[in-house]
Amino acid sequence: MAPSGQPTPPITLLCVDDDATVLSALRTLLKNTLGSHCQIELAESGQEALEICDELLAEGQAVNVVISDFIMPSMRGDELLVRLHEKFPDMVKIMLTGQSDFAGVKRVINEARLYRFIEKPFNDNQLMDRVLEALASSRAGGAEDAVQGRLAALSAREREVLDLILAGK
């Protein structure tokens, strides 16, 4: 139960990738780690992800965390995450990057409060650590504070990539 005596809303994660194999791997990893503690939604495109979020909103439910690929046909991940941020600013956003451009990642950092970017192929343990942190941030309602904390805790490689992005390289 939530502190107000209301039932705790369900935890919802949305995974977006045009590669069905990646979506299947994410679903398996999330289910094996989180079990029945959350609802996992899958979308193969940015447009489908927007539709899922609207449907859930109509049902009074919110997506806590979105994990999106960067390079997808018709709508790239940066565009999707910016559009989701405009509509759902408290949603925690993670981007998977296999071949992203720095301008796109920089855009999501600046315009969508990107929580984390993770390079593909991702390490299962690293990804789950970031997802669990994102869920904790989402549940605490302190996504922006968590982002600042995560920025302070970046590894040397992550800091190097971020510095290149911020320098516009």
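Q: Why is Glu-111 called partly exposed in this predicted model?
A: Its relative accessible area is 42%. Partly exposed covers what falls between under 20% (buried) and over 50% (exposed), so Glu-111 gets the middle label.

Q: What makes Glu-111 and Arg-107 a salt bridge?
A: The closest N and O atoms of the two are 3.4 Å apart, and the cut-off is within 4 Å, so the pair counts.

Q: How do you know how far apart Glu-111 and Arg-107 are along helix H4?
A: They're 4 residues apart in that helix, which means about one helical turn.

Q: What makes Asp-78 and Arg-107 count as a salt bridge?
A: Here the N to O distance is 3.8 Å, and that still passes because the rule asks for within 4 Å. Asp-78 sits in helix H3 (residues 77–87) and Arg-107 in helix H4 (residues 102–112), so this pair links parts 29 residues apart in sequence.

Q: Why is Asp-78 called buried while Arg-76 is called partly exposed?
A: Asp-78 comes out at 4% relative accessibility, and buried means under 20%, so that label fits. Arg-76 comes out at 33%, which lies between the 20% and 50% limits, so partly exposed it is. These two also form a salt bridge, with the closest N and O atoms 2.9 Å apart.

Q: Why is Ser-68 called buried?
A: Its relative accessible area is 0%, and under 20% is what the label needs, so Ser-68 qualifies. Ser-68 is in strand S3 (residues 65–69), and its contacts include Val-16, Leu-80 and Ile-94.

Terms used: Residues are numbered from 1 along each chain as its sequence is written. This is a predicted model: local features need pLDDT of at least 70, side-chain atom pairs count only at pLDDT 80 or more; totals for chains, interfaces and linings use all residues. Side-chain values use heavy atoms; hydrogens and water are left out. Helices (H or I, at least four residues) and strands (E, at least two) are DSSP runs, numbered from the N terminus. Buried means under 20% relative accessible area, exposed over 50%, partly exposed in between (1.4 Å probe, protein chains only). Contact means heavy atoms within 4.5 Å. A salt bridge is a side-chain nitrogen of Lys or Arg within 4 Å of a carboxyl oxygen of Asp or Glu. Lists of a residue's contacts leave out its neighbours within four places in sequence.
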